[in-house]
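Hi,

Here is the structure I promised to pass along. Have a look at it first, and my notes follow underneath.

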Amino acid sequence: MYLHGTSKINDQGHLEIGGVDATQLVAEYGTPLYVFDEALVRQRCSEFVQAFKASELKFQVAYASKAFCVMAMCRIVDEEGMSLDVVSDGELYTALQAGFPAERIHFHGNNKTIDEIEMAIDAKIGCFVVDNFIELQMLNAIAAEKNQKVKILLRITPGVEAHTHEYISTGQTDSKFGFDLGNGSALRAIQEASQLANLEILGVHSHIGSQIFEVEGFRMAAEKVAGFAVQVRKETNVTFQVINLGGGFGIRYAEGDTPLPVSVYVKAITDAIKDNFGSNDYPLPEIWVEPGRSIVGDAGTTLYSVGTTKDIPGVRKYVAVDGGMTDNPRPALYDSKYEALLANRATEQAEEIVSIAGKCCESGDMLIWDLNLPKVNAGDVLAVSCTGAYNYAMASNYNRIRRPGVVFVKDGQSDLVVKRESFDNIVGNDLIPARMQQVAQKV
Ligand code: LLP
């Protein structure tokens, strides 16, 4: 397993993260457990901020909280001087409860409800990223009722799609998100928005994909957006002050993943903006980005206890852990690859190839196929790396399994930032209708 951030193997042959022995974390908090290397999270934040500072452009780095949204994480994002992107009332509520400054919150989403819009306007968030014509009218009407003027970006679909190593300029219109550049919707949206008295257009937003390992897609997006900005300035009286190029910066989950350093992505973006806007004699806009995975992904490790094994001679050996698709649905959903080691016997020689199964009642509940490990025993601690992004965020209670706790580790100290769910959490929202209570009592 690749050792990210402060992770290392200590003198006892145990995995250590943030100066804390993984076996000690297991003894204190139990398993499964999400462990975050706080220093690595902060390092990633600072890599983005420093790279933008070097460009001398005005900027905002907005953490895409969908990757991992808990109150302690919002505190870190604030302390690192970044902004925050939310996509639901739940994420907004989390940020506000954590005391995150509302003016640095951006609200995304292709189907914001009236309640969400009202909540966000009342909280005085910094900006809405408007996704479609209905939202444009709805937002203006609600803002008017409240006697507010709200700042907006318009999300455009630039016709650039990036997938890991490939990027394609499709000019495709078939996306549920945003105003299409190719078919003229984006221009119409700007024209319409500029007539709405309670909206102030800051600029446009585009997001081209996720887990991207190349800069070419970002360059193409910057070029298209700049071209659009020039056209808009010619045909309307709107000049963009802000260009948001979204997130999508890739990370290393497993061998074969080849992310670029954060500074390389950022330089490609800022250079492309300078080139494309500068050459059109356009005032250089402020650049915003929205990294999620690249802030928290490789800082997360999940610790599990090994339970049962099933050896099918000549076929495969299954090793089951006390979690699975409930705490990490990504292998089942996306066929994602992960690396792992035995945290309590990290220096021992690999002896067997095993496949790591979860405990859910579903054959698809597999975490890792064909992993090289020392001979595994019940009670061993399996550490799966790179589980910081979209794991806790997408965890479920399937099979009524309780979601694990989350611990931040740093400088030899551990702090619980999310408690493990209790049985009360499991049945806490259940209600038994009165007409069934008699039956329940009989039993
Ligand atoms: N901005 C927008 C508008 C987005 O839609 C996303 C991700 C981001 C920023 C952050 O992208 P990142 O830097 O994290 O790649 N559940 C999937 C990922 C879905 C990403 C959706 N949008 C997964 O587990 O891989």
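**Around the ligand**

Let's start at the ligand: one of its oxygen atoms sits 2.6 Å from a polar side-chain atom of Tyr 390. On its own the ligand would expose 580 Å², and the protein buries 86% of that. Keep in mind as you click around that this is a predicted model.

There are 18 residues around the ligand, and the ones that come nearest are Ser 210, Glu 290, Arg 293, Arg 330 and Tyr 390. The backbone takes part too: a polar backbone atom of Gly 248 is 2.9 Å from a ligand oxygen. A nitrogen atom of the ligand, meanwhile, has a polar side-chain atom of Glu 290 at 2.7 Å.

Glu 290 is the residue I spent my time on. You'll find Glu 290 in the loop that runs between strand S16 (286-289) and helix H10 (293-296). Glu 290 is buried, yet it has no salt bridge. Why not? A salt bridge needs a side-chain nitrogen of Lys or Arg within 4 Å of a carboxyl oxygen, and the nearest side chain of opposite charge, Lys 66, is 5.8 Å away.

What Glu 290 does have is polar contacts with other side chains: one with His 205 at 2.9 Å, and another with Asn 244 at 3.1 Å. If you set aside the neighbours within four places in sequence, the residues in contact with Glu 290 also include Ala 62, Ala 64, Asp 85 and His 108, along with Gly 246 and Gly 247.

Cheers

How values were computed:
Residues numbered from 1 in each chain as written. Predicted model: local features only at pLDDT ≥ 70, side-chain atom pairs only at ≥ 80, totals over all residues. Heavy atoms only, no water. Helix = DSSP H or I, 4+ residues; strand = E, 2+ residues; numbered from the N terminus. Buried < 20%, exposed > 50% of the residue type's maximum accessible area, 1.4 Å probe, protein only. Lys, Arg positive; Asp, Glu negative; His and termini not counted. Polar contact = N/O pair within 3.5 Å; in protein donor to acceptor, adjacent residues only side chain to side chain. Contact = heavy atoms within 4.5 Å. Near = heavy atom within 4 Å. Areas by Shrake-Rupley, 256 points an atom, 1.4 Å probe, with all protein chains shown as cover.
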